Structure formats: structure tokens, C-alpha cells
Amino acid sequence: MEGIDFEALQHMARPEIFDFEGITMIPPFTDNWENVQNFQARPDDILIATYPKAGTTWASYILDLLYFGNRAPERQTSLPIYMRVPFLEMCFPGFPAGVDLANNLTTRPRLIKTHLPVQLVPKSFWEQNCRVVYVARNAKDNAVSYFHFERMNRGQPDPGDWNTYLQNFMDGKKVFGPWYDHVNGYWEKKQTYSNLHYMFFEDMVEDTGREVEHLCSFLGLSTPKEEREQVTKNSHFDAMKQNKMTNYSTIPVMDFNVSPFMRKGKVGDWKNHFTVAQNDQFDEHYKQRMKNATVQFRTEI
Ligand code: PPS
């Protein structure tokens, strides 16, 4: 794959976390900060924003299929999703920087991914009134998915054991900061910024077709029903898990023997991880942390 130094990525040491503008971060997401903050968005850019492991890849692929599935079918078999939808703040040694990938995109619209909390999103996206698609996932499943991702990905800090990890998640000491502030920050932004479409992972699992239809309305796309159904089918968990262009099997820092990127894709897998005591403690903490929040999540469907 052009621009990827597989050797460098294979020997990468796990990064250490540090505090960055009040947010827990790792150098690969802050080393290119000036260029990230100065990124020049265009009015038709679409920003796909999420807390890590909330359904970024799924939403990215759906958008990519809606815009380019028929217009550029060759990219479906030749270009992995992380090249089609650049991760803006990413700057790993051995991998092209997200800003450069985004600037080099020749597609219109440009689809761009970020995990930045709302207050750190480059201001040009707001100035250009870009469309923003935010996907949120219930905290418990999000935490579980993030735990397994950290276990299998040498580009992430070591999560420690599940109990240690869960405590750190509750304390907001995960890369990109507290889940609680992330989901609330975008929810609040939506109240004043009408070009933000707030989606839930649980709704996508429950009825993907319905969510694709809502997305089309938000994007102003009049995609015919048959095409929408095709997008829904192609973006099904099993299809994406089999598809080398969407399953991240082409990234050498991830060890699928530890845990695959397309792991389970379920709502409620947290029940297989939380002990009764952990669940009680989590619920109590959640109540406090979310007491002023108006956004509501489902932990089962
Ligand atoms: S990342 O690394 O932050 O970009 O990861 P992200 O894509 O946000 O989240 C990965 C989780 O999303 C699940 N996923 C899906 N679930 C259901 N259907 C589809 N099509 C789908 N695509 C991705 C993926 O399996 C990860 O969740 P877990 O719970 O770990 O399986």
C-alpha cells in the first residue's frame, strides 16, 4: 500500500498517554497538531465524528457507499476504508498523516474521520458549515469494544486488565478523553448547529435500513430504494468482516489473534464482561456523571 512503511509499523512501541489540553492523548494524535488545527475544510466536506469504537468504520463505509458505491466502483476493491476516509488527527510514523491524506483526496465530497472531542475540532469545519455525522454508542459496550481494541492494537496504550481498564474508562483516562464529555459535547453542539446528525450505534444495529434512510435525508441524497437496500446489505457486519477493504486486516499494528477489528458488532456484549459489582459501580458513577445530560442511551435492544 502506497505510503505505508510496514516495517516501521510492525516494530512500533506502544505509546504512553499524557494530558493534552485537559484530554488524555497519545503523541500520534497530537504530533501534527498545528496542521490539524489549521486544516482548511470545504463547505461540502463531511466530518464523521465519534468516540473511538462507537461505529466510525460502519458509518464511514455507509457514507462511502452512498456517495461512491456506483460512481467509483473500483475504489471498493482497491482502497481500504482508512484511505478513503482519512483519520484527520492521525500521525503515526510509517503511515501518511491524516491531514495529508485528506488534502490529497480527489473525491467530492471529502469524507473525513475524527475522534476529537467537539471543542478540539478544527474551526474551519464550523466556519464552512460542514455536515457532521456523529455516532454515539452506549458507554458499556463502547468501553468493552475499546478494551479489546487496545489489547490488540500496538498503536494504543496497554489497557491493563479489564478491571483496571474499566476504572480508567470511568475516570476519563482513555485516549480522546472521557466518553461522557464526548457524547454530551456533540449532543449540546447539535442544539445550535443544525448540520449535525447525531446517530446511535444501537439504532443502527436495530434497523440499519431506517438509519441509512435518515442519513440520506440529512445529506439531501435521493438515493433510490434499491440502492439504499444494497448499501444496507453491503455494510452488514458479516459482509464488512469478510471484506479486506473494511476489516482493517491490512494494518500491521493490529493482532487479530488477540481480537479482530470486526469483533462482535453487538448491543449488550457488556453483559459478558461486567461483573455484578462492576455493573453496580458503573451505574452509580454513570448517574452522577450524566446527571445533567439529556442524551439517552440504550444498553440493550
Ligand atoms: S475505530 O477504531 O474507533 O474506528 O472503531 P469503530 O469503527 O468506531 O468501532 C468498531 C466497532 O464497531 C463494530 N462494527 C460493526 N458493528 C455492527 N455492524 C457493522 N457493520 C459494524 N462495523 C463495525 C465493530 O465490530 C466494533 O465493535 P465490537 O463491539 O468491538 O465488535
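This report describes selected contacts, aromatic pairs and enclosed spaces in a predicted model.

**Thr114 and its surroundings**

T114 belongs to strand β4, which spans residues 111-114. With a relative accessibility of 1%, T114 counts as buried, because buried means under 20% relative accessible area. The side chain of T114 is joined to the side chain of E89 by a polar contact of 2.9 Å. When residues up to four places away in sequence are left aside, T114 touches L47, I48, A49 and T50, together with E89 and Y186.

**Aromatic pairs**

A pair of aromatic rings is described by the distance of the centres and the angle of the planes. The count of aromatic pairs in this model comes to 36, and the table sets out two of them.

| Pair | Arrangement | Centre to centre | Angle between planes |
|---|---|---|---|
| F149 and F261 | edge-to-face | 6.0 Å | 80 degrees |
| F282 and Y286 | stacked | 6.4 Å | 25 degrees |

In the edge-to-face pair, F149 comes from helix α8 (residues 139-152), while F261 sits in the loop between α14 (237-242) and α15 (276-289), so the pair ties together parts that are 112 residues apart in sequence. Both F149 and F261 are buried.

The rings of F282 and Y286 are stacked, with 25 degrees between their planes. These two residues are four apart in helix α15, and F282 and Y286 are therefore separated by about one helical turn. F282 has a relative accessible area of 1% and is buried, because the cut-off for buried is under 20%.

**Charged groups over rings**

Two further contacts bring a basic side chain to the face of a phenylalanine ring. The charged end of K113 sits over the ring of F87, at 4.4 Å from the ring centre. R137 lies over the face of F201, and here the distance to the ring centre is 3.8 Å.

**The largest pocket**

The volume of the largest pocket is about 890 Å³. Its lining is made up of 48 residues, of which K53, T57, Y248, F261 and M262 are the closest to the pocket centre. F261, one of these residues, is also the edge-to-face partner of F149. The elements that give two or more residues to the pocket lining are α3 (56-68), α8, α11 (201-206) and α14. Helix α8 provides the largest share of that lining, with five residues, and α8 is also the helix in which F149 lies.

**The cavity**

The count of cavities of 30 Å³ or more comes to one, and the largest cavity has a volume of about 40 Å³. Its lining consists of T57, S60, I81, Y82, V85, K113 and Y248, and the elements that give two or more residues to this lining are α3 and α5 (81-84). Some of these residues also appear elsewhere in this description: T57 and Y248 are among the residues closest to the centre of the largest pocket, and K113 is the residue whose charged end sits over the ring of F87.

**An exposed loop residue**

D31 is found in the loop between β2 (23-25) and α2 (33-37). At 55% relative accessibility, D31 counts as exposed, because exposed means over 50%. Although D31 and F92 are 61 residues apart in sequence, their C-alpha atoms are 8.8 Å apart in space.

Note on methods: Residues are numbered from 1 along each chain as its sequence is written. This is a predicted model: local features need pLDDT of at least 70, side-chain atom pairs count only at pLDDT 80 or more; totals for chains, interfaces and linings use all residues. Side-chain values use heavy atoms; hydrogens and water are left out. Buried means under 20% relative accessible area, exposed over 50%, partly exposed in between (1.4 Å probe, protein chains only). A polar contact is a pair of N or O atoms within 3.5 Å; within protein, one must be able to donate a hydrogen and the other to accept it, and residues adjacent in sequence count only if both atoms are side-chain atoms. Contact means heavy atoms within 4.5 Å. Rings of Phe, Tyr and Trp (its six-membered ring) pair if their centres lie within 6.5 Å; planes under 30 degrees apart count as stacked, over 60 as edge-to-face and the rest as tilted. A charge sits over a ring if NZ of Lys or CZ of Arg is within 6 Å of the ring centre and within 35 degrees of the ring normal. On a 1 Å grid over the protein atoms alone, a cavity is a set of points where a 1.4 Å probe fits but cannot get out, and a pocket is an open set with protein on both sides within 12 Å along at least five of seven lines; lining residues have an atom within 4 Å of a point. Grid points are joined across faces, edges and corners, and a volume is the space filled by probe spheres set on the points.
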